Amino acid sequence: MSPDHSRPDDAIVRTLSAYLKRLPLTPERRQSLYASVIATQPTDMTHAFGALADELASGQDDEQALVARVQAAYPGLHGSDQPSGALRGASMPRLNRWPMSPADIDRRPWRVLSPLVPWLRRGGRALPKAVPSRLKAVVRWRQCLLATMVAIPAAGATAYMGTVLPHRGATLLETFILGAAFMLFAWILVGFWTALSGFFVLSRGDRYLVRGEQNPAADDGARTAIVMPIYEEDVSRTFAGLRAIYESLEATGRLAEFDFFVLSDSVKPDTVVAEQKAWADTCDALGAFGRFFYRRRRARVKRKSGNLADFCRRWGGHYRYMIVLDADSIMVGKTLTAMVDRMQANPSAGLIQTPPTAVNRDSMLARVQQFATRVYGRMFAAGLHFWHLDNAHYWGHNAIIRIAPFMAHCALPRLPGRGALSGEILSHDFVEAALMRRAGWGVYIAYDLAGSYEEVPPTLLDELGRDRRWCQGNIQHIRLLFSDNLAPAHRALFANGVMAYTSAAIWFIFLLLSSGEAILEALRTPDYFPVAGALFPQWPVWQPIWAVSLFVATLVVLFLPKILGMAMIIWRGRQAEFGGVGSLVGSTLIEIFLTSLLAPIRMLAHTRFVFTTLLGMQVKWDSQQRADVQVAWLRALRFHLPGMILAVVWGGLLVWYTPGFAPWLAPILVPLLLAPAVTVLTSRVDLGVWMRRHDLQLIPEERHPPAELARVVELEAAAGPEADFADAVVDPVINALHIGLQGRPRRFADELVDYRQSLTDRALAEGAQSLTTGEQKTLLADPARMRWLHEAVWTQAPAAWQVRLEQASTQAPAGSV
């Protein structure tokens with residue numbers, strides 16, 4: 001009996017059925033495609049794939065077959081009537097290019113003398129002069145008051161400390177000790193008066209608060225872009241947060257005024273593929289194609305600030321405002337609309353910052369930080385507003401910006417020279433706020449706006465890793481302190497940013513010098529007749545009450561703001577939201593104890609960061625660890641071992657030479673010895689959960705979670721496995737989506753084409769794991785090779801891809817609900 005050549009091979013039938021199963025089609029459409037392909041009597045899978053592509057393209061070119069694969073999963077992602085790259089165009093709005101040139105900032109400190117020395121004056125075009133605000137007189141008076149209230153008590157405390165020292169500050173060593181003490185007293189007094197002024201503002205109200213209209217005027221066509229720059233973030237969490245924000249904004253009825261942008265700088269192949277699929281899935285679930293956009297830059301120029309500048313140049317002309325978010329930001333829809341309304345009601349406002357509340361983490365350390373930001377954070381934000389008014393901070397996220405002046409005045413230059421203080425401006429937010437104010441636009445903190453949230457690092461090591469990056473960025477501001485025409489308030493904020501980390505080094509030096517003084521006094525033979533010819537000896541007098549009183553006064557300055565934050569909650573009758581009075585007091589005491597325990601550990605780490613930065617050592621700005629994770633004992637020990645050795649040597653010298661001084665440094669040295677245990681224990685989630693069950697470190701957002709926070713948790717829990725590079729090869733929809741988002745194909749030199757083909761051949765024969773991350777990135781950037789590899793894997797079914805092909809036959813297709 002002769003074989004039936006009209007019936008395809010069983011392998012072709014199985015493969016074709018499996019491939020069609022990966023497309024989220026109706027049963028009728030899937031059966032129709034299958035019958036049409038079988039009717040062509042394919043002799044092999046290559047023939048069958050060609051026939052399937054013809055059917056999907058409906059007689060048009062191969063590009064339409066690719067688009068058809070995507071639209072089978074995402075019908076709202078239109079682009080079938082456009083040429084190659086149509087999906088890339090559909091993922092972003094049409095261009096509306098505006099120029100954005102780097103601002104002119106004089107970075108040379110000697111220019112401050114130019115009014116006295118004419119030849120130092122800047123040549124060429126003049127820098128823009130700072131435009132005074134209507135609040136200039138109030139700001140100047142308040143800042144003079146703050147300077148006075150800091151300088152006088154700091155000088156008094158330093159003078160009082162001089163009476164405690166053995167030589168009353170007469171030696172060079174004691175002069176340095178007193179100089180360091182003055183800077184430390186001034187630093188903590190700034191925080192103290194900021195907290196007290198915030199307490200006053202929250203208690204009495206503030207007529208200078210930036211407000212919106214009671215009844216906002218009708219929509220005048222102002223549109224707002226909500227932009228989220230991301231870099232190697234947890235994809236499921238990022239898009240869960242954005243989806244919750246979108247749904248909350250939609251519930252306000254004002255969604256039409258907003259567009260969403262995900263601006264990716266991710267480079268890892270698995271992350272890139274996961275982001276693309278998560279974007280398409282989110283848009284499909286929300287019906288948000290054409291309103292929810294995604295763009296990945298090929299070159300990560302100037303990191304986050306460069307990403308935002310790139311957005312402004314390409315699409316800023318479409319919008320009046322942009323609201324900048326971080327990957328961990330969550331904002332309530334009513335808060336977003338209130339920010340826009342306040343911008344509309346204050347035409348001179350260039351930037352309005354909301355104070356974010358930390359939420360959603362369960363590790364012990366994160367819970368303590370969440371409690372602190374909830375109890376004291378708004379008070380400090382109100383205090384910052386009181387002192388600075390329209391010269392306020394910008395923290396880089398959860399803020400609204402007026403795009404036109406931002407583009408005209410806030411593009412950042414590159415700092416010339418070499419070393420860690422040169423190159424790209426890393427802590428860009430303070431600089432952008434200063435430039436915005438210099439151009440005459442107000443920068444405000446809307447401390448009264450609730451519904452603004454963020455997440456904090458879950459462990460001490462993650463926090464210190466973030467601080468290492470921030471330290472380098474903040475110390476760069478030394479070069480900008482004397483920039484021309486900046487408002488005095490922003491010069492002070494630059495200095496404040498520098499002191500945020502150098503204060504740790506000053507404290508460390510102060511402790512070393514004090515210890516050295518104590519040891520020298522123990523070794524030095526006392527001289528009871530320091531004045532020649534004196535008839536009577538001068539006996540050393542030790543007044544312990546002086547030292548104790550100075551110590552107590554310092555503790556009051558440090559901890560009174562925390563007590564005031566707790567008292568305000570009780571005064572307003574909101575203690576039940578924190579678990580009751582007992583839980584609130586207990587939580588505050590735990591926070592004070594843990595903060596005191598962590599302070600020496602942070603001091604030593606920040607000191608190292610400052611000195612390595614000043615020595616010119618660059619730091620790599622990687623993505624942050626945001627999810628809860630417990631620190632391993634070995635990792636903690638390895639990180640803290642130098643500090644432990646220092647504490648043993650330091651403490652041993654004090655005990656040996658001056659035992660009476662050692663107890664004064666015990667609160668510093670003991671935490672350094674216990675640092676690994678502190679790091680591991682504070683990273684534990686079970687301890688954090690136990691505290692929450694016992695109403696400790698409880699915040700209102702946990703007792704009565706806002707719908708947006710609960711929605712993020714729900715979406716993140718429901719998220720399936722994230723797509724990866726292998727999915728971009730095997731899955732028909734993910735492969736077509738990725739290729740379509742790459743834009744028009746580019747031409748390459750023959751040598752490069754041959755190299756990429758060799759990578760494709762190796763990936764086919766040995767699997768995705770045979771390629772390095774860099775090689776996978778190379779293939780992802782080549783649409784032609786990705787298409788060829790996809791078809792080759794399905795037509796040839798090599799052994800290295802069998803497991804993936806079998807999984808593809810059993811999993812739900814991409815884009816299906």
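Here are a few worked exercises on this structure, which is a predicted model.

**Exercise 1. The seven-stranded sheet**

Task: work out in which order the seven strands of the open sheet sit, and which strands stand at its edges.

Solution.
- Start with the order, which reads β3-β2-β1-β4-β8-β6-β9, with mixed pairing.
- Now look at the two ends: β3 (292-296) and β9 each have a single partner strand, so one side of each has no neighbour in the sheet.
- As for the twist, neighbouring strands are turned by 20 degrees against each other on average, if you ignore direction.
- Take the β3 end next. Strand β2 (residues 258-264) runs parallel to β3, and five bridges pair them. Within that pairing, V262 has Y294 of β3 as its bridge partner.
- Then hop over to the β9 end, where strand β6 (residues 349-353) is joined to β9 by four bridges, again in parallel. Here Q353 sits opposite I445 of β9.

**Exercise 2. Strand β4 and its two partners**

Task: find in which sense, parallel or antiparallel, β4 pairs with β1 and with β8.

Solution.
- On the β1 side, strand β1 (residues 224-230) and β4 run parallel and share four bridges. You can pin the register with A225, which stands opposite M322 in β4.
- On the β8 side the sense is antiparallel: β4 and strand β8 (residues 399-402) also pair over four bridges. The register marker here is I323, opposite I400 in β8.
- Finally, check the faces of β4 (residues 321-324). Y321 and I323 point one way, M322 and V324 point the other way, and all of them are buried.
- Strand β9 (residues 442-445) can be checked in a similar fashion: G442 and Y444 lie on one side, V443 and I445 on the other, and all are buried.

**Exercise 3. Helix α8 from end to end**

Task: what span should helix α8 (residues 235-251) have at 1.5 Å a residue, and how far apart are its end C-alpha atoms?

Solution.
- With 17 residues, α8 should span 24 Å. The end C-alpha atoms are 24 Å apart, so the expectation and the model agree.
- How covered is the helix? Mostly: of the 17 residues in α8, 13 are buried.
- At the N-terminal end, D234 acts as a cap, with a side-chain oxygen 3.2 Å from the backbone nitrogen of S236.
- Past the other end comes G253, which has a positive phi near 80 degrees.
- One more thing to look for is charge: R243, E247, R711 and E714 are linked in a network of salt bridges. An α-helix has 3.6 residues a turn, so residues three or four places apart point the same way.

**Exercise 4. Salt bridges and where they sit**

Task: for the E424, D686 and D727 salt bridges, find the partner and the distance between the closest N and O atoms, then say how accessible each residue is.

Solution.
- For the background, side chains of opposite charge can pair when their charged atoms come close. The whole structure holds 30 salt bridges.
- E424 pairs with R303, and their closest N and O atoms are 2.8 Å apart. The two are 121 residues apart: E424 is in the loop between α13 (403-409) and α14 (428-438), while R303 belongs to helix α10 (residues 303-315). Accessibility is 22% for E424, partly exposed, and 23% for R303, also partly exposed.
- D686 pairs with R684, the closest N and O atoms being 2.5 Å apart. D686 is partly exposed at 42%, and R684 is partly exposed at 26%.
- D727 pairs with R804 at 3.1 Å between the closest N and O atoms. This link covers 77 residues, from D727 in helix α25 (residues 725-730) to R804 in helix α30 (residues 802-810).
- Buried means under 20% relative accessible area. D727, at 17%, is therefore buried, whereas R804, at 24%, is partly exposed.

**Exercise 5. A loop residue and the cysteines**

Task: where is F289 placed, is F289 buried or exposed, and how many disulfides are there?

Solution.
- F289 is in the loop between α9 (269-286) and β3.
- Its relative accessible area is 17%, so F289 is buried.
- F289 also sits 8.4 Å from H78, C-alpha to C-alpha, though 211 residues separate them in sequence.
- For disulfides, the cut-off is a pair of cysteine sulfur atoms within 2.5 Å, and the count is zero.
- Two cysteines to look at are C144, partly exposed at 45%, and C283, buried at 0%.

Technical notes:
Residues numbered from 1 in each chain as written. Predicted model: local features only at pLDDT ≥ 70, side-chain atom pairs only at ≥ 80, totals over all residues. Heavy atoms only, no water. Salt bridge = Lys/Arg side-chain N within 4 Å of Asp/Glu carboxyl O. Buried < 20%, exposed > 50% of the residue type's maximum accessible area, 1.4 Å probe, protein only. Expected span 1.5 Å × (residues − 1). Polar contact = N/O pair within 3.5 Å; in protein donor to acceptor, adjacent residues only side chain to side chain. Pairing = 2+ DSSP bridges. Axes fitted to C-alpha atoms, helices over the stretch in contact; angles between N-to-C directions.
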